[in-house]
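Student: I would like a close look at one part of this model, the surface around a single DNA strand. Please fit that part into the rest of the protein as well.

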Protein chains: 2
Amino acid sequence: MTAEPGGLARIVLTASIARRYYLDGRSKVEIADEFGLSRFKVARLLDAARDSGLVRIEIRHQGEVDVDLSARLQDRYGLQHAVVLDIPDDDPASLRDHLGRAAAQLLAEVITPQDVLGLAWARAVSAMARALPPLPGTPVVQLTGAMSLPGGPDTSVDVVREVASASGGAAHVFYAPFTVPDAATARALRQQPEVARAFAHLPAVTKAVAGVGLWAPGLSVLHDALPEEDRDALARLGVCADVSGVFLSADGEPVVTELSERMIGIGAEEMRAIPEVITIPYGTAKARAVRATLRSGLVGGIVTHTALARAVLEE
Amino acid sequence: MTAEPGGLARIVLTASIARRYYLDGRSKVEIADEFGLSRFKVARLLDAARDSGLVRIEIRHQGEVDVDLSARLQDRYGLQHAVVLDIPDDDPASLRDHLGRAAAQLLAEVITPQDVLGLAWARAVSAMARALPPLPGTPVVQLTGAMSLPGGPDTSVDVVREVASASGGAAHVFYAPFTVPDAATARALRQQPEVARAFAHLPAVTKAVAGVGLWAPGLSVLHDALPEEDRDALARLGVCADVSGVFLSADGEPVVTELSERMIGIGAEEMRAIPEVITIPYGTAKARAVRATLRSGLVGGIVTHTALARAVLEE
DNA sequence: GAGCAGCGCGCTCAGATGAGCAGGAGAAGC
DNA sequence: GCTTCTCCTGCTCATCTGAGCGCGCTGCTC
């Protein structure tokens, strides 16, 4: 891309050598012998070929996975796993289904019989659970309280139960709302035997799946479910993203809020203790929230689509 | 292209490693250290990436030159130089101009002050001559007699004179027709001092430019200029191509004909003695003739367009 | 639980490779 | 014509790479 290699004869010679080297897999010495050049000359011509863009190397996959974006995302944020799907992003429901399937496949690949799976509540997590094949006897732990979602069929309890029963593992569930009006109620709920039993399994969780929301109207189920004063209070504290109820600033730092006291779900430090948390964000608008999430170090995996991945990387 | 590398995580890992190796230029050992793998594992993943088509290497040029086709043509026929232009092939005149310019550039690159240039008569050779920059004092030798062509402004004499005067070299020309009605006339003409002097320079010629015709109506100026009996006689002898008056069978073998006795121009053996003869064929219909020409070993250079190059290679 | 086949993995060493250096041809300037 | 500079070319040596070999793990059979 930088400069032209030279005259016509030189360009063609370079192309010829590049073909021999890169496509036919011959060694530079062989090529040098064949063309009557020194191997150093061959090496220089090959360098020139790459520098000038005569030889172009591209990495891509014929399936849905955009391997190059996946690799860049994984690399850029030091993730354990990243999967970026090249799919149209006009229909959120279809997007969620596709990502859910991919996340299910990824989870099935990386999970071992020793793992304990944690599931937070998010629509994408439900989609994943639906597509999940039976896992090898994996116990499943509920990470967050239930939320009543208009049009959402599954509660967090249902999702955990389904996955556990398909896998033949134990289901550690509890019936409690995600948020309550005051801290005292929350404390009381957490002390309930059922809730306490489920929470006791949190430190054992080794793999988890969560959603990501941007703290703005329509981009976080939690945000939309809260009264206006809570929304504003969190926004004033600099909350940018919520990862299934864990609040993060734009830098990825956990934000301590009064609301946390009134929630029944996993906290930032507990989430950090989980070796791999996989998130399934979608929608270009959430780019800021995803950046915050990846920077936080709380999550190790991401399954998303090209538009969002590009938006995240374009910083 | 053969098989899928494996699961999602493996594919992305492979892509990540491929990116590091091919795009960032890191060594396999560095990559192995970075990813916590052995260098052998890295090597195997890279092999798999290439085999599965995840890494694709293509060779192309942003200019008019199709470097890949050029290289393949050069390689396939063991040529000294091949230049294939990716240009529209609907208008023969424009095609000829483009190829003429490219041939001129090629010739200017490869010619040295020690070279003696020979020019046969062909429309493409005229086009090349028009585009030729001044050469370093190169003597120019006329290789073929003159032909009166409807609409063709330059005779072989004119072309040779022009090039020689632009270059400041000697012009070895002669005034004689390309074909005459009987062998005796041809012999007499060849013994004329002027003709003999020009022919005496033939063995000194080191670089030459010629056209290629397919022995069929409308595809060879020589064919069209001859009476029907000559055309048929040569066709019966298996003539497939004429390289500025040198007749070749489809195999590329020179065909000895009675007509040769009646021509004032270079012969097959004299042409073979020239270290590099550059031809400028165009028009897909001539593919057979070009194949014959390249197989003959008489020529060492070709300047043509993609459609014809592809047709020639598709054997 | 023993034996066996298949396979993934790492080690070895000859051969390939790249950075740096020295010699020589050609261009520019005096 | 001479000097100097620059670019191009080929060489050396330390490092990297790849084919082949043997080990050990896994899953299957008896």
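Which residues surround DNA strand C?

Tutor: The model is predicted, so local features need pLDDT of at least 70 and side-chain atom pairs pLDDT 80 or more, while totals for chains, interfaces and linings use all residues. Residues are numbered from 1 along each chain, chains are lettered from A and ligands numbered from 1 in the order written, and side-chain values use heavy atoms, without hydrogens or water.

Start with the list. Chain A supplies Tyr21, Ser27, Lys28, Val29, Arg39 and Phe40 around DNA strand C. Chain B supplies Ser38, Phe40, Lys41 and Arg44. A residue is near a strand if one of its heavy atoms lies within 4 Å of it. Now take the DNA side. Of the DNA strand C atoms within 4 Å of the protein, 50% are sugar or phosphate atoms, and the rest belong to bases.

Next come the polar contacts (pairs of N or O atoms within 3.5 Å). A:Arg39 goes to a base: a side-chain N or O atom is 3.2 Å from a base oxygen of DNA strand C. B:Ser38 goes to the backbone of the DNA: its side chain has an N or O atom 2.6 Å from a phosphate oxygen. B:Lys41 also has a phosphate oxygen of DNA strand C as its partner, with a polar side-chain atom 3.4 Å away. Three elements each give two or more residues to this surface: helix H2 (28–35) and helix H3 (39–51) of chain A, and helix H3 (39–51) of chain B. The largest share, three residues, comes from H3(B). Helices and strands here are DSSP runs of at least four and at least two residues, numbered from the N terminus.

Now turn to DNA strand D. Around DNA strand D stand A:Ser38, A:Arg39, A:Phe40, A:Lys41 and A:Arg44. From chain B come B:Ser27, B:Lys28, B:Val29 and B:Phe40. Sugar or phosphate makes up 48% of the DNA strand D atoms within 4 Å of the protein, and bases make up the rest. A:Ser38 has a side-chain N or O atom 3.0 Å from a phosphate oxygen of DNA strand D. A:Lys41 reaches a phosphate oxygen of that strand too, at 2.8 Å from a polar side-chain atom. A:Arg44 takes a base oxygen of DNA strand D, at 2.9 Å. Here H3 of chain A and helix H2 (28–35) of chain B are the elements that give two or more residues. H3(A) gives the largest share, four residues.

Place this in the chain. The domain assignment, automatic or from a database, splits chain A into domain 1 (7–52) and domain 2 (67–313). Their C-alpha centres are 52 Å apart.

Strand E1 (residues 55–59) comes next in each chain. E1 of chain A and E1(B) pair in the antiparallel sense, over five bridges. Strands pair if DSSP finds at least two bridges between them. Within this pairing, A:Glu58 stands opposite B:Arg56. E1(B) has two unlike faces: B:Val55, B:Ile57 and B:Ile59 are covered, whereas B:Arg56 and B:Glu58 are uncovered.

Compare strand E2 (residues 81–85) of chain B. Five of its five residues are buried, where buried means under 20% relative accessible area, exposed over 50% and partly exposed in between (1.4 Å probe, protein chains only). B:His81, B:Val83 and B:Leu85 lie on one side of E2(B), and B:Ala82 and B:Val84 on the other. E2(B) runs parallel to strand E11 (residues 301–305) of chain B, joined by five bridges. B:Leu85 has B:His305 as its bridge partner there.

Chain B also has an open antiparallel sheet in the order E7-E8-E9. Strand E7 (213–214) and strand E9 (246–248) are its edges, each with a single partner strand, so one side of each has no neighbour in the sheet. Two bridges link E7(B) to strand E8 (residues 241–243). There B:Leu214 stands opposite B:Ala241. B:Ser220 sits in the loop between E7 and helix H10 (221–225) of chain B. At 3% relative accessibility, B:Ser220 is buried.

Notes
A polar contact is a pair of N or O atoms within 3.5 Å; within protein, one must be able to donate a hydrogen and the other to accept it, and residues adjacent in sequence count only if both atoms are side-chain atoms.
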